[in-house]
Amino acid sequence: MRLACCLLVGVLVVSFSLATNTNQPTTRLRRPVALALSDDGSHLYVANRDSASISIIDTQKQALTGEVRIGRRLVDIAVPDSRHLLGVDEVAGAVLLFSRRDADVRIIDALQVGQSPVSVRTLPDGSRCTVALLWPRRLAIVELQPQLQLVKTIDLPFAPRMQLPVQNGTKLIVTDSFGGQLAVVDVERGAVESVRSLPAHNIRGLCLSADTKQVLLAHQHVSSLAHTTRDDIHWGNLLTNTLRALPLATLLAPDEDALRGESVHPLGDVDRGAGDPAGLALGPDGTLLVTIGGTGELLMRRKSEEAWRRIAVGRRPTAVAASPDGRWAYVANTFADSVSIVDLKKGAVHQEISLGPRPKLSAAERGEELFYDARRSLENWFSCQSCHTDGHSNGRLTDNLGDGSFGAPKRALSLLGVKDTVPWAWNGGIPDLESQIRKSVQTTMHGKPLTDAQVEDLAAYLRTLEPPPALGVARGEKLDVDRGREVFRKLQCATCHIPPTYTSPKTYAVGLVDELGNKLFNPPSLRGISQGGPYFHDGRAATLEEVFTRHKHQLNGELSARGLADLLAFVRSL
Amino acid sequence: MRLIFSLASAAAFAAIAGTNGVAAAEPQEPLTPEVVAKRLWSIIQVVQDQHVQPPAREALLRAVLESAGRSEKYAQRLAAVNDENVWVGLLQEHWAESLQTRKVSLSVLGAMSVGMLGSQRENRLLAGALALAREPTTPLTVERWQSRLLESMRKAIPGGLQYFSPHDFKIQEQLKSNRYVGTGIQIRMNSEERLASLVYCFPGGPARRAGGLTGDLIVEVDGEKMDGCGLSEVVNHLRGDEGTPVTMVVRQPGAKETRTLNMIRSVIPFASVEGYRRKTAEEWDYRIEPGSPIAYLRLPSIGVSTAHELRQAERRMQGEGFRALVLDLRLSVSAGERDHEAALVANAFLEQGVLWRVRGVHGQTRELRADGDCSFRGWPMVVLCDALERKEPRDHSATLVAAALQDNERAKVVGSPIGTTSLLMQHIPLPDGQGVVALATASVERAQARAGQEGLRVQPDHLVFWSAKSSATLRQQWYEWRHDQSIESNLDAKPPADPQLAKAVEVLQKALAATSAPPKTR
């Protein structure tokens with residue numbers, strides 16, 4: 001049997017260790033990020049990202065009964081039927097199929113579906129699943145029987161994360177990993193039906209309301225009109241944490257204004273923010289459950305109640321599931337390596353189950369915990385993650401003191417690859433990463449000053465972040481970039497965007513002026529630029545094309561259509 | 001009557017009665033003619049550098065010296081004022097001479113306080129109160145001399161100028177943050193009893209919790225008798241840091257027995273969004289007429305918390321069947337520079353579009369755009385505006401909101417024209433902790449240029465003036481009713497006629513009828 005497993009997953013042979021099953025969890029960092037309950041509610045399966053393992057909890061005994069280790073980075077998990085489990089491995093780029101009988105979980109199949117799968121959902125008939133591929137900006141539809149098989153891929157105009165099958169699985173709602181876009185996909189036709197832009201970013205919760213007439217989204221919103229002052233933070237003018245309900249019928253009608261008929265429920269309040277909603281679930285009785293990743297809380301609101309109840313759980317709770325009888329909620333505490341079992345009747349934590357002993361953390365691992373900690377900001381309204389979502393950018397403008405004064409909002413910069421892009425800030429005014437971290441925490445987040453050790457930890461974490469793969473590369477397209485490289489050379493783009501980082505430490509006047517008259521900007525790195533956008537300091541170019549067609553960025557003469565296409569192909573390959 | 005009227009919008013004034021007493025903790029440098037001269041020099045520099053239409057330096061110097069009506073004496077010497085030392089020498093002479101001339105009148109005493117406290121509205125209140133207190137005429141002090149010089153300079157600067165000492169600026173900022181620390185009372189002088197009296201105790205505030213009642217006379221504060229004290233002295237006694245205790249002995253007018261109120265100073269947020277009438281001390285009824293789907297909101301002031309309060313109001317309206325909104329900006333008076341807050345409020349109603357454009361000192365323009373997250377999405381809206389002679393010339397906030405909603409066709413404007421200058425004020429810190437000045441650093445352009453609307457002037461889509469015959473009485477009655485509503489003393493009173501509101505309702509009913517007409521079949 002074990003041999004069979006190895007053969008089945010042969011494509012992933014480099015990345016897989018043997019599946020092992022033990023009742024004595026070993027010391028390792030787990031970072032649980034996703035939960036799936038068996039259909040009868042008797043077992044809870046926990047996807048541990050860093051240990052690439054599935055922890056199994058017997059919900060009757062409320063005890064850990066096993067752990068299966070497989071793959072490299074397990075980021076989501078789903079239950080397609082009464083005998084199987086599905087998982088996705090972000091690093092291996094694979095969908096994994098497991099057989100399960102209570103605590104006995106074994107891998108039976110694996111399929112590579114493309115780079116960076118981040119979520120998996122089963123369609124209602126249980127025969128297929130959909131996988132969101134982050135950097136390829138793509139959806140993969142996979143048949144489960146007789147074996148895993150890729151049936152279709154659908155390209156999206158944004159990097160996807162959350163998915164919600166609706167209308168019996170004929171339609172799929174997919175949301176943006178970083179910004180506020182939402183797409184409705186026709187699964188049968190394999191086509192994107194509509195794309196909406198919501199006043200939102202960092203969408204981390206997505207489910208249907210109890211009456212199935214509304215789509216609920218847990219997300220954040222940042223206003224470019226507000227300033228990063230204590231007042232604007234305190235009164236919720238700068239950033240709001242929100243549960244938004246959109247009517248499903250309007251969402252499914254491509255020409256309707258999706259926001260018409262919406263209702264908005266703020267999470268947290270003045271004096272006590274709820275930074276970074278991270279997980280969303282609905283109890284069978286309509287009880288709403290939202291985990292707040294940045295504050296370590298579960299917010300719960302019963303159907304008959306108006307106010308949210310706030311329950312302290314473990315650090316960075318990212319996923320929540322409700323038991324079929326509505327009695328319990330299970331919360332995955334990513335930075336505590338534990339699952340909290342919450343008694344929904346009492347509105348209190350019943351038990352916290354450790355998934356295993358944790359090793360001593362490295363500086364980067366401690367830094368990651370700080371990065372996602374909203375308690376570093378005034379009144380817990382937001383964390384680094386809120387704007388630099390997963391180290392990338394929410395693409396939104398914020399009016400902070402990064403440029404020294406208010407009045408000229410700037411786009412949040414991606415931190416992926418930040419270690420190579422000295423100096424920092426749009427005006428290149430910050431010579432070292434540590435100073436930038438201190439400044440952001442003090443003047444943007446208005447948190448308590450960090451200790452030197454904390455700054456070093458955060459910097460160590462940021463230095464682990466690599467630039468994203470270029471869109472074309474992520475999609476596995478055959479790229480012809482030689483002509484484009486020649487255009488890049490002829491236009492002397494490398495004066496400022498010097499390979500291999502495609503940036504340089506100086507600031508340049510490139511015909512851009514902000515609202516305060518600042519003309520000198522530090523060129524952002526072009527690595528992974530196809531995964532960014534909008535472009536320029538104020539997001540004035542919606543696409544890379546517009547950078548040249550509308551804004552004529554450093555073009556001295558006309559660029560032919562062919563030349564532009566070649567240049568774009570090259571830039572998009574970086 | 002006029003005093004009551006002006007108190008109608010005095011929520012902010014109440015905050016001063018017990019605002020965090022930074023002064024007590026920080027010893028202030030004694031004010032000497034030299035300090036004043038240096039401060040004025042710094043202000044003139046800042047005006048030169050940062051004002052959007054700066055007057056010539058010499059004109060400002062002359063204006064300062066003109067305050068005593070003796071500019072000709074100094075006129076020839078002005079050209080020689082090329083550094084700070086010369087200027088200090090000149091002003092020291094001016095001071096010596098001023099000392100020898102006439103004593104300062106009561107009206108100047110009032111003007112003095114302009115430099116002391118927040119907005120002009122608050123200052124007017126305080127000035128009036130001081131006049132009521134009939135304080136004796138006093139000789140010229142450096143403080144008063146400074147106020148005269150500042151006032152004289154202010155007149156020479158487009159959009160004016162306001163000076164705040166570091167201490168006063170902190171109070172101003174507390175007012176603006178809507179995070180005032182105090183006892184939560186609104187006070188005025190009872191001239192018959194010569195004691196300060198409580199006009200209103202704010203719900204949830206320490207005074208109300210301690211049993212303070214409207215009309216209570218403040219006899220003692222922390223053991224000190226308040227007989228014959230001016231309002232500012234009473235205020236000084238009430239000031240203190242958050243969490244500190246203060247005891248007030250009060251009695252009702254005419255009564256003998258006193259009561260002791262033991263309080264702990266705390267943060268008192270003031271509501272900047274109100275409904276049509278009070279249901280209870282804490283709750284608003286948003287409905288103008290029973291059964292009507294039209295909601296009513298009034299913004300007594302526009303501040304940093306207003307957008308938040310609007311979101312709360314929207315939530316409270318959920319499930320009540322509201323489909324349209326009247327936004328009443330007629331009694332909206334905001335202290336200080338609130339164009340930022342006005343942008344947040346306009347944004348709270350707009351799905352998209354340009355709010356307005358701001359042109360700065362160097363001609364650069366900033367376009368303020370709605371961020372897309374708004375309240376009352378899709379509801380037909382009317383904004384009510386009415387020109388009030390009482391309104392501060394520098395308070396643009398209501399005008400900016402009305403202009404943005406009109407320009408984006410988000411709301412119809414009903415009432416009489418409002419708004420004048422398009423200069424925007426900003427707080428600029430002076431060097432070396434000399435304080436802060438507010439001056440015009442930018443001008444604002446409306447999102448849509450409209451014929452006949454210069455600057456920031458908002459011309460209503462539906463002009464409705466209060467009828468000529470009963471204008472004054474009607475308006476006064478209505479304002480008083482609104483004021484009573486804001487302080488909850490008159491829960492059951494019937495609202496007087498309001499022709500502007502009636503028109504707003506009519507406009508919205510038509511809009512609702514148009515949207516609820518059966519859709520065309522496809």
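**Exercise 1. Two helices in chain A**

Work out which residues of helix 6 of chain A meet helix 7 of chain A, and how the two helices are arranged.

*Solution.*
Step 1: Start with the residues in touch. In this predicted model, helix 6 of chain A brings A:Leu433, A:Glu434, A:Ile437 and A:Arg438 to the contact, and helix 7 of chain A answers with A:Asp452, A:Val455, A:Leu458, A:Ala459 and A:Leu462.

Step 2: Sort them by class. The contact of helix 6 of chain A with helix 7 of chain A counts six nonpolar residues and three charged ones, with no polar residue.

Step 3: Look at the geometry. Helix 6 of chain A spans residues 433-444 and helix 7 of chain A spans residues 452-462; they pack at an angle of about 115°, and their axes are 9 Å apart. That angle makes helix 6 of chain A roughly perpendicular to helix 7 of chain A.

Step 4: Add the handedness. Helix 6 of chain A passes helix 7 of chain A in a right-handed crossing.

**Exercise 2. A helix pair in chain B**

Describe how helix 5 of chain B and helix 7 of chain B cross, and list the residues that make the contact.

*Solution.*
Step 1: Take the axes. Helix 5 of chain B (residues 57-66) and helix 7 of chain B (residues 84-100) have axes that come within 11 Å and cross at roughly 20°.

Step 2: Put a word to the angle. Angles under 35 degrees count as roughly parallel, so helix 5 of chain B is roughly parallel to helix 7 of chain B. The crossing of helix 5 of chain B past helix 7 of chain B is right-handed.

Step 3: Name the residues. Helix 5 of chain B supplies B:Leu61, B:Val64 and B:Leu65, while helix 7 of chain B supplies B:Trp87, B:Leu90, B:Leu91 and B:His94.

Step 4: Check the spacing against helix geometry. An α-helix has 3.6 residues a turn, so residues three or four places apart point the same way.

Step 5: Sort by class. The contact of helix 5 of chain B with helix 7 of chain B has six nonpolar residues, one polar and no charged.

**Exercise 3. A covered helix**

How many residues of helix 15 of chain B are buried, and what do they pack against?

*Solution.*
Step 1: Get the backdrop. Chain B has 18 helices and 20 strands, and 58% of its 522 residues are buried.

Step 2: Zoom in on the helix. Eight of the nine residues of helix 15 of chain B are buried, so the helix is mostly covered. They are B:His340, B:Glu341, B:Ala342, B:Ala343, B:Leu344, B:Val345, B:Ala346 and B:Asn347.

Step 3: Find the neighbours. From chain B, the buried residues of helix 15 pack against helix 11 (166-177), helix 14 (306-317), strand 14, strand 15 and helix 16 (397-407); from chain A, they pack against helix 2 (230-234).

Step 4: Set this beside the chain-wide contacts. Among contacts in chain B between residues at least 6 apart in sequence, 73% join residues at least 24 apart.

**Exercise 4. A ring pair**

Work out how the rings of B:Phe349 and B:Phe376 are oriented, and which parts of chain B they tie together.

*Solution.*
Step 1: Count the pairs. Over all chains, the structure holds 14 aromatic pairs.

Step 2: Classify this one. The ring centres of B:Phe349 and B:Phe376 are 5.9 Å apart and the planes lie at 20°; planes under 30 degrees apart count as stacked, so this pair is stacked.

Step 3: Place each ring. B:Phe349 sits in the loop between helix 15 (339-347) and strand 14 (354-360) of chain B, and B:Phe376 in the loop between strand 15 (365-369) and strand 16 (381-385), so the pair ties together parts that are 27 residues apart in sequence.

Step 4: Check burial. B:Phe349 has a relative accessible area of 1% and is buried; B:Phe376, at 0%, is buried too.

Step 5: Turn to chain A. Ring pairs there link A:Phe335, A:Phe371, A:Tyr372 and A:Tyr461 into a cluster.

**Exercise 5. Backbone oddities**

Find where A:Pro146 and A:Asp271 lie, and say whether A:Asp271 is buried or exposed.

*Solution.*
Step 1: Begin with the proline. The peptide bond from A:Gln145 to A:Pro146 is cis, with omega near 0°, and A:Pro146 lies in the loop between strand 12 (138-143) and strand 13 (149-155) of chain A.

Step 2: Move to phi. A:Asp271 is a residue other than glycine with a positive phi, near 75°. A:Asp271 is found in the loop between strand 22 (268-269) and strand 23 (272-273) of chain A.

Step 3: Settle accessibility. A:Asp271 counts as exposed, at 51% relative accessibility.

Notes
Residues are numbered from 1 along each chain as its sequence is written. Chains are lettered from A and ligands numbered from 1 in the order in which they are written. This is a predicted model: local features need pLDDT of at least 70, side-chain atom pairs count only at pLDDT 80 or more; totals for chains, interfaces and linings use all residues. Side-chain values use heavy atoms; hydrogens and water are left out. Axes are lines fitted to C-alpha atoms, for helices over the stretch in contact, and angles run from 0 to 180 degrees between N-to-C directions. Helices (H or I, at least four residues) and strands (E, at least two) are DSSP runs, numbered from the N terminus. Angles under 35 degrees count as roughly parallel, over 145 as roughly antiparallel, 65 to 115 as roughly perpendicular and the rest as oblique. A crossing is left-handed if the near helix is turned anticlockwise from the far one by less than a right angle, and right-handed if clockwise. Contact means heavy atoms within 4.5 Å. Ala, Val, Leu, Ile, Met, Phe, Trp, Tyr, Cys and Pro count as nonpolar, Asp, Glu, Lys and Arg as charged, and the others, Gly among them, as polar. Rings of Phe, Tyr and Trp (its six-membered ring) pair if their centres lie within 6.5 Å; planes under 30 degrees apart count as stacked, over 60 as edge-to-face and the rest as tilted. Buried means under 20% relative accessible area, exposed over 50%, partly exposed in between (1.4 Å probe, protein chains only).
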